[in-house]
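Q: Please look closely at a single part of this model, starting from the contacts of one residue, and then work outwards to the parts around it. I would like one connected account rather than a list.

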Amino acid sequence: MIFAAGLGTRLKPLTDTMPKALVPVAGQPLLWHVIMKMKTAGFEHIVVNVHHFAQQIVDYLKANDNFGISIKISDETTGLLETGGGIKKALPLFDSSSPILIHNVDILSNICLDELLPERHPDALLLVSRRDTQRYLLFDDEMILDGWTNIKTGEVKSPYPILDPSSLKHLAFSGIHVLWPHIFPLFSEMPDRFGIIDFYLKYCNQCAFMGLEKTSLRLMDVGKLDTIGEAGQFIKELSDTNSSSVTA
């Protein structure tokens with residue numbers, strides 16, 4: 001699933017006339033980059049949620065014949081449902097026996113997406129990294145999610161009544177994660193609109209939500225205007241690295 005419904009307010013004025021998903025980077029829309037990454041990894045069925053300038057995304061996919069794969073639309077034009085609510089609404093569009101990989105449309109990275117689908121799997125797998133931010137997910141030594149913290153305000157969220165953040169690993173969420181089918185029923189217990197991190201924090205004492213830290217991970221959040229140019233260079237560097245690997 002590709003999250004493409006956001007308003008993209010940090011990318012104004014570009015998003016005054018187009019959805020964030022269609023903002024061009026290195027000559028192609030952000031949506032194209034994520035679709036191609038998924039297609040290269042072997043994914044054949046994709047759901048894209050839409051809200052802001054939704055018809056532009058629908059028309060773009062139709063004009064490109066869905067890039068030769070199955071792409072369905074989860075329509076949120078009547079109201080944004082946030083990341084968790086977006087998944088809940090889209091669940092009927094998926095095979096209920098297969099895991100769902102979730103990817104924010106504005107995230108670029110060098111991760112091979114098939115690495116996120118191990119044979120032995122937890123209930124959910126969250127791609128995380130060590131980078132500077134104010135908000136961190138908290139993991140134990142076995143990389144099981146225990147909570148969340150805002151280091152600026154000192155706020156801590158966790159289902160565990162006693163939690164010492166200083167004893168846990170502080171890792172930043174990447175916007176890329178995988179959910180396995182046996183936890184899909186839990187979404188029915190959530191409201192129509194909620195953030196997926198709230199879901200993970202509510203059930204992390206009942207389910208195995210694991211973090212995957214890749215030391216070689218290179219990731220970029222194309223969330224602001226001043227990152228557009230940097231994103232183009234980032235993609236070129238990733239492409240050059242991949243070409244060098246193939247040549248070698």
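**Leu81 and its surroundings**

A: Not counting residues up to four places away in sequence, Leu81 touches Glu76, Gly86, Lys89, Asp192, Arg193 and Phe194. The model is a predicted one, and every statement here should be read with that in mind. Leu81 itself is placed in the loop between strand 5 (70–75) and helix 3 (82–90). With a relative accessible area of 17%, Leu81 falls under the 20% limit and therefore counts as buried. One of its contacts, Asp192, lies 111 residues away along the chain, yet the C-alpha atoms of Leu81 and Asp192 are separated by 6.7 Å.

The part of the chain that holds Pro191 offers a second link of this kind. Pro191 is found in the loop between strand 12 (169–179) and helix 4 (196–203), and at 46% relative accessibility Pro191 is classed as partly exposed. Its C-alpha atom is 9.1 Å from that of Gly84, although Pro191 and Gly84 are 107 residues apart in sequence. Gly84 in turn belongs to the buried residues of helix 3, which are Gly84, Gly85, Gly86, Ile87 and Ala90. Gly86, in that buried set, is also one of the residues that Leu81 touches. The cover over the buried residues of helix 3 includes strand 1 (2–3), strand 4 (45–50), strand 5, strand 6, strand 12 and helix 4.

From that cover one can follow strand 6, which spans residues 100–104 and contains His103. At 1% relative accessibility, His103 is counted as buried. Once its neighbours within four places in sequence are left aside, His103 is in contact with Met1, Ile2, Phe3, Val34, Lys37, Met38, Leu113, Gly175 and Ile176. Among these partners, Val34 and Met38 are themselves buried residues of helix 1, as are Leu30, Leu31, His33 and Ile35.

Helix 1 (residues 30–40) also meets helix 2 (residues 54–63), their axes coming within 12 Å and crossing at roughly 50°. An angle of that kind lies between the limits of 35 and 65 degrees, so helix 1 and helix 2 are oblique to each other. Their crossing is right-handed. Where the two helices meet, Leu31, Trp32 and Ile35 of helix 1 face Ile57, Tyr60 and Leu61 of helix 2. By class, this contact has 6 nonpolar residues and no polar or charged ones. After helix 1 comes Gly42, with a positive phi near 100°.

Lys37, a contact of His103, leads on to another buried site. Ser109 is found in strand 7 (residues 107–109) and is counted as buried at 7% relative accessibility. Apart from residues up to four places away in sequence, Ser109 touches Lys37, Ile176, Leu217, Arg218, Leu219, Phe234 and Leu238. A polar atom of the Ser109 side chain lies 3.3 Å from the backbone nitrogen of Ile111.

Finally, helix 5 (residues 228–247) contains Ala231, which at 0% relative accessibility is counted as buried. Beyond its neighbours within four places in sequence, Ala231 is in contact with Val25, Leu108, Met220 and Val222. The C-alpha atoms of Ala231 and Ala26 are separated by 7.6 Å, with their positions 205 residues apart along the chain.

Definitions and conventions. Residues numbered from 1 in each chain as written. Predicted model: local features only at pLDDT ≥ 70, side-chain atom pairs only at ≥ 80, totals over all residues. Heavy atoms only, no water. Axes fitted to C-alpha atoms, helices over the stretch in contact; angles between N-to-C directions. Helix = DSSP H or I, 4+ residues; strand = E, 2+ residues; numbered from the N terminus. Parallel < 35°, antiparallel > 145°, perpendicular 65-115°, else oblique. Left-handed = near helix turned anticlockwise from the far one by under 90°. Contact = heavy atoms within 4.5 Å. Nonpolar A, V, L, I, M, F, W, Y, C, P; charged D, E, K, R; others polar. Buried < 20%, exposed > 50% of the residue type's maximum accessible area, 1.4 Å probe, protein only. Polar contact = N/O pair within 3.5 Å; in protein donor to acceptor, adjacent residues only side chain to side chain.
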